[in-house]
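The following report concerns the pairing of strands in one sheet and the helix that packs on it.

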Amino acid sequence: MAGRTEDKRLVLGEEERATLREWAEGSSEGLSLRSRIVLACADGLPRKEIADRLDVSPATVAKWRARFVERGLDGLADAPRPGRPRSAERQEAERVIAAAAGGSAVPSTRTMARQLGLSQSTVARIWQEQQVAPPAARLLPRELLSDRVYALLRGWIVSGELVAGQRLVEAEIARRVGTSQAPAREAIKRLAHEGLVISYPNRGSYVAEISDEQAREVRDIRVLLEEYAARGAAVRIQADTLRELSADVMAMRQAARDGDIGAFRDADLAFHRRVCAACGNSFLLRLWRTIESNLWSLHVVGNPLYDGDWTAMAGHHDDLVATLASGDPDEAARLFAAHARGEASRTRPRTRPATVPAGSSPEARATAPGLAGSSPGASGVPAFSDTAPETAP
């Protein structure tokens with residue numbers, strides 16, 4: 001299987017290796033470095049040695065190795081960011097000026113310009129951006145300001161006040177809500193991570209346009225892939241994979257408690273990607289990665305417009321883990337297909353004793369949800385799909 005691990009060594013497909021070599025030689029500095037990290041991991045070099053050779057930290061090596069294992073080549077690319085890219089010098093200047101503005105003795109723009117090596121007009125412009133908020137708003141920490149702007153923008157999008165395809169301009173949003181551009185920028189990035197906004201490099205950010213027909217078509221494909229993956233995974237699932245799936249569910253629960261829909265969708269996609277990887281067909285994972293961006297952008301997984309109980313939605317994934325642990329391929333295929341169609345609340349797990357699949361360690365019974373004498377779904381939490389919101393049965 002391309003991009004898999006064997007005995008902690010990363011295994012690459014021929015196409016992946018060729019692409020990584022090309023990126024390592026002729027891409028941007030960041031992408032070149034990440035490609036060299038993955039290639040070195042595939043060569044079996046120790047993490048410390050890779051870090052020393054490439055002049056990075058071992059944590060950086062671990063980060064990009066894990067990102068590649070989870071997302072493939074797409075995981076090495078930079079996520080799009082809204083607005084015009086800022087230089088490192090500009091970001092440092094904003095940080096220093098913000099700190100100076102909060103002090104008791106505020107230096108002049110000329111003094112700041114000499115300190116930062118920028119023109120006085122640039123310093124004055126940054127200063128103005130950070131001082132446009134009214135006094136009452138400036139009393140709030142920046143995190144609270146960005147949360148406030150996020151809530152306003154999200155409400156406008158959900159209500160239709162901001163229509164699909166409408167451009168979001170940081171300066172206009174800042175003027176409308178009475179803050180500087182920084183909270184508006186952070187709010188737009190958060191909405192882009194949730195899938196309600198799409199950001200294009202050098203073009204700006206726009207309210208996402210969702211085609212019902214496209215969403216239906218990709219959902220139909222998802223049902224086929226998930227049913228096949230669950231059937232295969234149920235007969236060969238290992239204890240380590242069950243623990244990883246349970247960790248994904250825990251991440252969903254935490255994201256639901258935090259109200260972080262972007263993090264919920266990340267964990268949700270990781271869960272289903274992991275099931276595809278466990279089914280025994282290496283080509284299926286490649287197919288899943290092909291449609292994953294459409295699942296995200298068309299809200300087929302973790303619909304950000306869902307207004308129900310996100311904790312209950314996370315809890316339904318416990319039923320899916322339990323049915324995989326039971327080793328029943330037909331039941332697993334039935335539940336995963338219903339989940340993908342958005343019919344989970346009307347398709348309950350059958351009450352039956354759960355068993356540990358062949359090849360699993362004894363610890364699996366103690367760690368896998370639904371085992372140790374309980375049946376799948378025994379928590380009594382109402383089940384919901386991570387697709388579109390459902391109607392009441």
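In this predicted model, β4 and β5 form a hairpin with three residues between them, and Asn 202 in the turn has a positive phi of about 65°. Helices (H or I, at least four residues) and strands (E, at least two) are DSSP runs, numbered from the N terminus, and two strands pair if DSSP finds at least two bridges between them. Residues are numbered from 1 along each chain as its sequence is written. The model is predicted, with local features needing pLDDT of at least 70, side-chain atom pairs counting only at pLDDT 80 or more, and totals for chains, interfaces and linings using all residues, while side-chain values use heavy atoms and leave out hydrogens and water.

The hairpin belongs to an open sheet of three strands with antiparallel pairing, in the order β3-β5-β4. Its edge strands, each pairing on one side only, are β3 (167–168) and β4 (197–200). Helix α11 (residues 181–194) packs on this sheet and touches β3, β4 and β5, its direction making about 110° with that of β4; contact here means heavy atoms within 4.5 Å, and axes are lines fitted to C-alpha atoms, for helices over the stretch in contact, with angles running from 0 to 180 degrees between N-to-C directions.

The bridge counts of the two pairings are as follows.

| Strands | Sense and bridges |
|---|---|
| β3 and β5 (residues 204–207) | antiparallel, two bridges |
| β4 and β5 | antiparallel, four bridges |

At residue level, Arg 167 has Tyr 206 in β5 as its bridge partner, and Leu 168 has Ser 205 in β5. Ile 198, in turn, stands opposite Tyr 206 in β5.
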